[in-house]
Amino acid sequence: MLKKKVLKQNNLLRLQKRLAVVMLALTLGLGTGCGKADDGADGAASSEAETLADDQTNDQADAGASEEDGQESNNEETVENGQESKKAAEDKDEPYVEGTYSSDSYDVAEFTAEPRKKTNEEGNRGVYYEIFVRSFADSDGDGIGDLNGVTEKLDYLQELGIDGIWLMPITASDTYHGYSVTDYVTVNSDYGTEDDLKRLLDEAHSRDMKVIMDLVINHTSINHPWFQAAKSDENSEYRDYYRWVYKTDKKDCNHLLDKSSWGDMVWHQEGDFYYYGVFGADMPDLNYNNPDVRQAAKDAAGHWLELGLDGFRMDAAVHIYGAHEFRQQEDSETANITWWNEFASYCESINPDVYLVGEVWQDDKVLENYVQPFDTKFDFAIQQKILNCVQKGMAVPGFGDSLSVAIENIQNKYDGVDANYLNGIFGANHDQDRIASSVNSLDKARQIAAVYMTLPGNPYIYYGEELGMYGSKPDEMIRTPFLWGGDSTYNTSWEKDNQNAETKGLDQQMKDPDSMYSYYKTLIALRKDNPALMKGSYRAASLTSDSVTAYFRETDGQKLLVVHNFAEGDQTVSLAECGDITVTNVLYSSSGETGVSDLSSVKLAGNESVVLELGE
């Protein structure tokens, strides 16, 4: 059992460690100022420097006491004689302090505080495919997709042009989606066994395909043994794996007013206590002030890396230290990034080429500082701008810059933090309505694909988008079975799909050169066959049209101009607007035809995209 500990660290040692965190923040250009306004999922912050100024005195350290950021001291006598009774705490209207790591502020003093240095970004470059295993391919006829089904469809993915796959959660869980974990080191029995996973990894690697999986370490299921022990026994060694406050606490939290950025309550009552769970009462957040939690997260990652996984998609990466979790909040961005650097360092000690992808999502905010610890983060800012343009039929996503200029500005922010970063570009994922449903048009769905497949970074395709599948929330309806074809034994049946009755299955689409499948396959091949699209630089081109956007992609030996018409009607663009350029070849047209005739102007049909090869 983990006994109640007393923080005895020498004040000088703590000061040195905290200074290391501040230096990391300064190195990465992160803010540590106090009074930061609530920014989506991350809450208001008080500075690390202020914490240093208010840190322990030598007398407190010598006495074995901790009185940081206003927390009551908790010395050895308190442990030996028993904590203040709950009744006394309630009478004085003060928080009942439960455990060692339930302090009222972030504590990253024990972290390594050393920024990650990436070395193998070229090895991680490619086109990736997101798979919800439950819906993808059923190998044993039980109606549920499984790991063996994925293995048996690797040839399909390879033919499509996929370089790596991202498996949504495959660990033990009590929900269909898998994001409520009940065991971090066991394969979900619905999906198969660890041996099945090993076979999938071996077969994927033999095809030079990487495999990453969702690692959900921000929270657990309410049915995880850790939480069950924590809620049933206040003295359990797992009590401090989560954040608990007494029901009369008016210092650490406001039970009724503390809400997530999407408006949900984050404190949930359990007897005389409340626990913190930003995603709801059934998924309590882990307490990363506790070093045992941090080690457990590393151990889980180590297990899968040693098995052969190439990396992870880190779910809810901005919420490790999140809004309202601690009342005296330091800069949560700095705390999160410090943790992710430590986590990455551990992963690299097992696999130096590990590929780490972060889900870093706060509306359409860029959040550029997160590109430092991660190889890739999903670019929701660009994705939302593309969707907005296609929906409106305009090349300007909002007020101000055109789409191409907005993307250049975002890309420059990333390059300013880490030039080795590989952006995560996509059209939709498992948390969003499918592309066809969002734009209510297959032509517009094609254009979204044409835009993101010609941008810098690693494109991510959500399973079924290559078929033009429809899907609108609730979540189950955007995660419905993949359409292999009418009589295929691989079709899953765990969820009824009432939105794709008219969508043709893969068996028919593979025979149709004009199908969505053929369109995606052509786009992927275009990208992989042209170095400028795969890894070239990006620069916006100037155009006067409000309906057309353009940008240059360039690498040694190849220079391309990509042009998109978001209007539903024809548009003619003078190429002279893009500068002194010479078009030598029409490399691609999404309509199969193009109005480029004298190579000085281009006439685009509605929702058409073209890629032009340029000469010197």
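Contact here means heavy atoms within 4.5 Å. With that in hand, this is a quick tour of a predicted model, taking in two open sheets and one lysine. One sheet has eight strands with parallel pairing, while another has five strands and antiparallel pairing. The lysine is Lys118, which sits in the loop between helix 5 (86-91) and helix 6 (121-124).

**Lys118 and its surroundings**

- Skipping the neighbours within four places in sequence, Lys118 is in contact with Val371, Gln372, Pro373, Phe374, Asp375, Asp418, Asn420 and Tyr421.
- Is Lys118 buried or exposed? Its relative accessibility is 10%, and buried means under 20%, so Lys118 counts as buried.
- Two of those contact partners come up again when you look at polar atoms: the Lys118 side chain reaches the backbone oxygen of Phe374 at 2.6 Å, and it makes a polar contact with the side chain of Asp418 at 2.7 Å.

**The parallel sheet**

- Read across the eight-stranded open sheet and you get the order 11-10-9-5-2-1-13-12.
- Strand 11 (376-377) and strand 12 (424-426) are the edge strands, each pairing on one side only.
- Further in, strand 1 (residues 128-131) runs parallel to strand 13 (residues 458-462), and three bridges join the two.
- For a landmark on that pair, look for Glu130, which stands opposite Tyr462 in strand 13.

**The antiparallel sheet**

- The five strands of this open sheet go 14-15-16-20-18.
- Its edges are strand 14 (537-540) and strand 18 (583-589), and each of them pairs on one side only.
- On average, neighbouring strands here are turned by 25° against each other, ignoring direction.
- Inside the sheet, strand 16 (residues 558-565) and strand 20 (residues 609-614) pair in the antiparallel sense over five bridges.
- Which residue of strand 20 is the bridge partner of Val563? That would be Val610.

**Helices on the antiparallel sheet**

- Helix 17 (residues 442-452) packs on this sheet, where it touches strand 15 (548-555), strand 16 and strand 20. The direction of helix 17 makes about 155° with that of strand 16.
- Helix 19 (residues 516-529) lies across strand 18 and strand 20. Against strand 18, helix 19 runs at about 145°.
- Strand 20 is thus a handy place to start looking, as it is touched by helix 17 and crossed by helix 19.

Note on methods
Residues numbered from 1 in each chain as written. Predicted model: local features only at pLDDT ≥ 70, side-chain atom pairs only at ≥ 80, totals over all residues. Heavy atoms only, no water. Pairing = 2+ DSSP bridges. Helix = DSSP H or I, 4+ residues; strand = E, 2+ residues; numbered from the N terminus. Axes fitted to C-alpha atoms, helices over the stretch in contact; angles between N-to-C directions. Buried < 20%, exposed > 50% of the residue type's maximum accessible area, 1.4 Å probe, protein only. Polar contact = N/O pair within 3.5 Å; in protein donor to acceptor, adjacent residues only side chain to side chain.
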